[in-house]
Structure formats: structure tokens, C-alpha cells
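Hello,

Here is the structure I promised to pass on to you. Have a look at it first, and then read my notes below.

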Amino acid sequence: IRPKLLLLDEPLSALDAKLREALRTELKNIQMNLGQTFLFVTHDQIEAMSMGDKIGVLNNGSLVQVGTPYEVYSNPKNTFVARSVGSPPMNLVDGKVASGRAIMAPGFELPVGATASGTADRQLTFGIRPEDIMVETGAPVEAKVHDVENHGVEKIVTLRVGDNMLRATVSAQTKVAIEDDIRFGWNPDKLTIFDRASGVSLRHSA
């Protein structure tokens, strides 16, 4: 009997990193060759993003969002999904919109895109992916470097702005050290805005 659905419950969780990476590729090839649906349960978001044609994000047993990896990554339904998908996860900072800018703290304000229309003085949470933060001379916001993680081809830099911490992805060639003063901005077109009380993205609540 040819099953219609193959269930895999964290099949790689007990393996070392190198073997997991190899078997992710092998399992994906098997699935494609068989042409069957695999339902793959994992707590490893890298497995979910790299292996799934569609992924579903569960929170306390409830299915929060379903979509392609790109859809869920680029347009999370709420702050739970935003924190769950992506490594490092999406930066989330509370604030409000005034005069076309996100106001998060004194000296910490940046432009917003079209999704902020009609949100003036509303309590919001701004979400931005680390790769959409630009660390560069002359950028509008000053920050202290809190931490630097060298990942080989890139560095993950944690920025401290008052009480807020944000993570930015920069080139491995970027010279940066802890406690350096640097400046950064963000790409307003990549900004995701959430209602602070409900945590729901304004794109999904519209």
C-alpha cells in the first residue's frame, strides 16, 4: 500500500549538526523522488525553512500561520511568528508613528513605509529583520555595539539604543568591536508593523 502521507516527528533532533545538514538534503531528495507529501514536525526553524514547500507555525497547539517559507518569513501574521521564524529573529521595538516616522525613544526615530498609514499615535510594535538594518556612516540613529557574533561569511551585531537591543547582519569584513559607537538606519519598505496589544500585523488585520 502506498501511503498518501508520511509523518516524520523530529527525525533529526538527536543527530549532530553535520549529519543533520546532510540528512536534510537527503530527506528532501527522497520526498521529491517519491512525489509524496511529508508532514515534518520540528522545533528547528532552519529545518522548516530549508525543507518545507509550505510551513505551519504552531503556538500552544493552535495553527497560527501557514504559507511558503518566504511568505511566513517576510510577512509574519503576528509577533509570535516574527520571533519564531528567522535566525536571528525579527527585531521588535515598541513605539508610535508621528509625522511619517516611527518614534521609539528620544533620538531613536526612523522613517516608515505605506503600511503605517492611519496609525498616528496608536500603540505599535515595529518589526525589522536584521538584514534590513543598515550600519553605515551618516545613518540617522546612533548606537553602541553590545555584542558581535562572527558567523564566517557575516557578522551579527547587537546594537544598544537606550533600553532597546537590535540585531543587524553585516558583512564579515565590517570592522566593529564591542562598545564602538556606530550609526544605523533601516529599510522602511521592509518594516512590519504590529498592533502592540494584540500582536497582530496590520497587514493581516486590515
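**What I found**

A good place to begin is L5, which sits in strand β1, residues 5–9. Please keep in mind that this is a predicted model.

Is L5 buried or exposed? With a relative accessibility of 41%, L5 falls in between and counts as partly exposed, because that class covers the range from 20% to 50%. L5 also belongs to a nonpolar patch on the surface, together with L7 and L39. The accessible area of these three residues adds up to about 300 Å².

Now to the inside. The largest nonpolar core is made of 28 residues, and F108, F126, L159, F184 and W186 have the most contacts within it. Several strands supply two or more residues to this core, including β5 (91–98), β6 (101–105), β7 (108–111) and β8 (124–128). Further along the chain, β10 (141–150), β11 (154–161), β12 (164–171) and β13 (181–186) do so too. Another core, of six residues, lies apart from that one, and V57, V72, V81 and V85 are among its members.

There is also a sheet to look at. Five strands form an open sheet in the order β7-β6-β5-β8-β14, and the pairing is antiparallel. β7 and β14 (192–195) are at the edges with a single partner strand each, so each has one side without a neighbour in the sheet. From one strand to the next, the twist averages 40°.

Within this sheet, β5 and β6 run antiparallel and are joined by three bridges. Look there for V97, which stands opposite A102 in β6.

Enjoy exploring!

Best wishes

Technical notes
Residues numbered from 1 in each chain as written. Predicted model: local features only at pLDDT ≥ 70, side-chain atom pairs only at ≥ 80, totals over all residues. Heavy atoms only, no water. Patch = residues over 30% accessible without salt bridge, like charges linked within 9 Å, V, L, I, M, F, W, Y side chains within 5 Å. Areas by Shrake-Rupley, 256 points an atom, 1.4 Å probe, with all protein chains shown as cover. Salt bridge = Lys/Arg side-chain N within 4 Å of Asp/Glu carboxyl O. Helix = DSSP H or I, 4+ residues; strand = E, 2+ residues; numbered from the N terminus. Buried < 20%, exposed > 50% of the residue type's maximum accessible area, 1.4 Å probe, protein only. Core = buried A, V, L, I, M, F, W, Y, C linked by side-chain atoms within 4.5 Å. Pairing = 2+ DSSP bridges. Axes fitted to C-alpha atoms, helices over the stretch in contact; angles between N-to-C directions.
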